[in-house]
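Subject: Structure for you to look through

Hello,

Here is the structure I said I would pass on. Please open it alongside this email, since the notes below follow it element by element.

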Amino acid sequence: MTDGVGPVLEASDGGRAVVEAIRADNTGVVVLDRGAYLRVLVPHRCILRRAAIERALGRPFAFPSDLELVMPAFQGNVTITDDEVVWAWSSSG
Amino acid sequence: MKLARDDWFDLARKLDWTYGYVGERDVFPEEASGAPWLPHDAWAGWNEPFRTTYAEYVATQAQKEAAVHAVREAVGRPEDFQRHDRRWLSALKLHAATLPLAEFAATIGNLRAARFARDSAWRGTALLGALDELRHTQLPLVALHDLVKWDRQFDWTHRFYHSNDWVAIAARHVMDEMLLAADPIELAVATNFVFETGFTNLQFVGLSAMAHDVGDRMFETMLKSIQTDEARHAQIGPTVVRTLVAHDRARAQRLVDKWFWRHWLLFAVVTGFAMDYLTPLAHRRSSFKEFMQEWVLDQFARSLADVGLELPAYWPTFLESLDWYHHMVYASAYTYRATVWFDLAVPGPDERAWLRAKYPASWDALDPVWERVAERWRESGPGVEWYTHGTTPVGFCSLCQLVLCGGTPARNTAQVVDRDGRRYIFCSEPCRTIFEAEPERYAEHRDVVKQILAGEAPANLLELLRTHFGLTQDEWGKDVAGGDYPWLRR
């Protein structure tokens, strides 16, 4: 995917909950299953909302610390607040 | 009322003030803080995207440690490792020697940035980075050196960087320059930007995925856990690069070009060997080149465009070398395996078919090398290591210190340069260019061959291994099967 952005997640329950939350709030989501890890790619801009992941997990989830535990890498520039994480490029490729 | 984190966090991370009794240049001299020297105003907008407080850092790291140690308790005993294929153990030995103590040098580099970097948010992020790198030193040291109890080659986990083995000389040459000799700006470009958002993903995520398929839960968990730290502190890179591009674009481009090439050669050896030769065929999901495509060509090249830089001028050379370089070095290392601390394998017919499918542009020219090696083993029979081994020391590149393996079996790309009455030889055009841009930095370095010529190391190979490299007969590399492959028997 040209200009895809998003996290690389460990293939664990926490990682899958992040994928589910990203699917809920983005369109055009592609998830590449590499066995030990899942690469999530969304065209141009990928948003992850705390509310969505807490719904998926059924427990509180803090940014960035709980995300850091399940995310060994990511593509794009990341912006993190208490409530959402956004991956995007600052220029068009 | 409890304040939201976003409401107070900037107060804790932006702690720069105006100096009353000394000048800014006295607090942050250029030689320690890096070039170009810019007033703090130029750096004041420095923001780490991955914002972490120290309290959060400690809590998160404690959870990561608990997770890794739980896996180690469950499956990290020597008997758990003994059930692995001996090739996979060689991949572990290669990792164990080359990475952990390089991470310790990264602790030192980050501590320098934690003092001399130009904005307090950058310094704070570098301090957490230094603590990360200490963890990345200690975890693999404790997990992998422990295995020396049943396999002496794992002693090289600690010994490698303190030895004069040729691989150690090459690794020190690149790691010392990047982590110990670089100022915080060059460190941020070389380590945080090029190394950690590009290449370390190959070893720490890509190889972790292979460990998963091999069934090595300990190694998989450790690598992945380490890379979650890297993903956070790597974010120093793009932020520094953007300011550097705005004020001295040429220097930014030069540093990226230099470090991309240096890291490529290093990872071609460390990750390339592990993925295409030392991982048992049944567990290979992708080739080294495919992982390079995913993590470096797709991901890193896009990051480079995003900060406003070009692909290095040598990009076509680099793309071509993806099909050749690590194969050439592996074949050379196999025929000089007693000069390293891990065992190497001859790829059998199934592996050669896999390599041909993955490397259609190059394998037809590389395959005859292994045909000749297999023929030598057939002639000698199993156990006769020296019949399939080189005997005279080989030449090394005056920049990367690796064997002269640029190009193809038919066309070596080595270049000779005479300068100030001395002769230098380079494996490739980019290595020569990097050397010539900063000759004062590299000219005095002496590789193994120069040490031999200066009378500081013995010319006899066995003596060189024992007295200079520090390898004993039970430690030095052998054929992983002693030449006794089922497919070799007539």
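**Helix α8 of chain B**

Helix α8 (residues 100-116) of chain B has 17 residues, and at 1.5 Å a residue it should span 24 Å; its end C-alpha atoms are 25 Å apart, so the two values agree. Keep in mind throughout that this is a predicted model.

Which residues of α8(B) are buried? They are P100(B), L101(B), A102(B), E103(B), A106(B), G109(B), N110(B), R112(B), A113(B) and F116(B). The cover over these buried residues includes α3 (30-33), α7 (86-98), α9 (120-145), α10 (156-159), α11 (166-180) and α12 of chain B.

**A hairpin in chain B**

Strand β1 (residues 415-419) of chain B is hardly covered, with 0 buried residues among its 5. β1(B) pairs with strand β2 (residues 422-426) of chain B in the antiparallel sense, over 5 bridges. Within this pairing, V416(B) stands opposite I425(B) of β2(B). The hairpin has 2 residues between the strands, and D420(B) takes a positive phi near 50° there.

**Chain A**

Chain A contains 3 helices and 7 strands. Read from the N terminus, their order is β-α-β-β-β-α-α-β-β-β.

A compact globule of 93 residues would have a radius of gyration near 12 Å; chain A has 12 Å, so it agrees with that rule. The C-alpha trace of chain A spans about 40 × 30 × 20 Å along its principal axes. Of the 93 residues, 46% count as buried. Among the contacts in chain A with a separation of 6 or more, 64% are between residues 24 or more positions apart.

As for confidence, the average pLDDT of chain A is 93, and 98% of the residues score at least 70. Among the elements of chain A, the lowest mean pLDDT (92) belongs to strand β6 (residues 77-80) and the highest (98) to strand β4 (residues 45-49). Where pLDDT is low, the predicted coordinates should not be read in detail.

**Where the chains meet**

How many residues does each chain bring to the contact? Chain B brings 31 residues and chain A 25 residues. On chain B, α1 (5-13), α5 (54-75), α12 (184-214), α13 (217-233) and α16 (288-306) each supply at least two residues of the side that touches chain A. The largest share of that side, 7 residues, comes from α12(B). Sorted by class, the side of chain B that touches chain A has 12 charged, 10 nonpolar and 9 polar residues. Note that α12 of chain B also appears in the cover of the buried residues of α8(B).

Regards

Terms used. Residues numbered from 1 in each chain as written. Chains lettered and ligands numbered in written order. Predicted model: local features only at pLDDT ≥ 70, side-chain atom pairs only at ≥ 80, totals over all residues. Contact = placed C-beta atoms within 7 Å. Helix = DSSP H or I, 4+ residues; strand = E, 2+ residues; numbered from the N terminus. Nonpolar A, V, L, I, M, F, W, Y, C, P; charged D, E, K, R; others polar. pLDDT = per-residue confidence, 0-100. Buried ≥ 20, exposed ≤ 12 C-beta atoms within 10 Å, placed from the backbone. Pairing = 2+ DSSP bridges. Expected span 1.5 Å × (residues − 1). Rg over C-alpha atoms; globule rule 2.2 N^0.38 Å.
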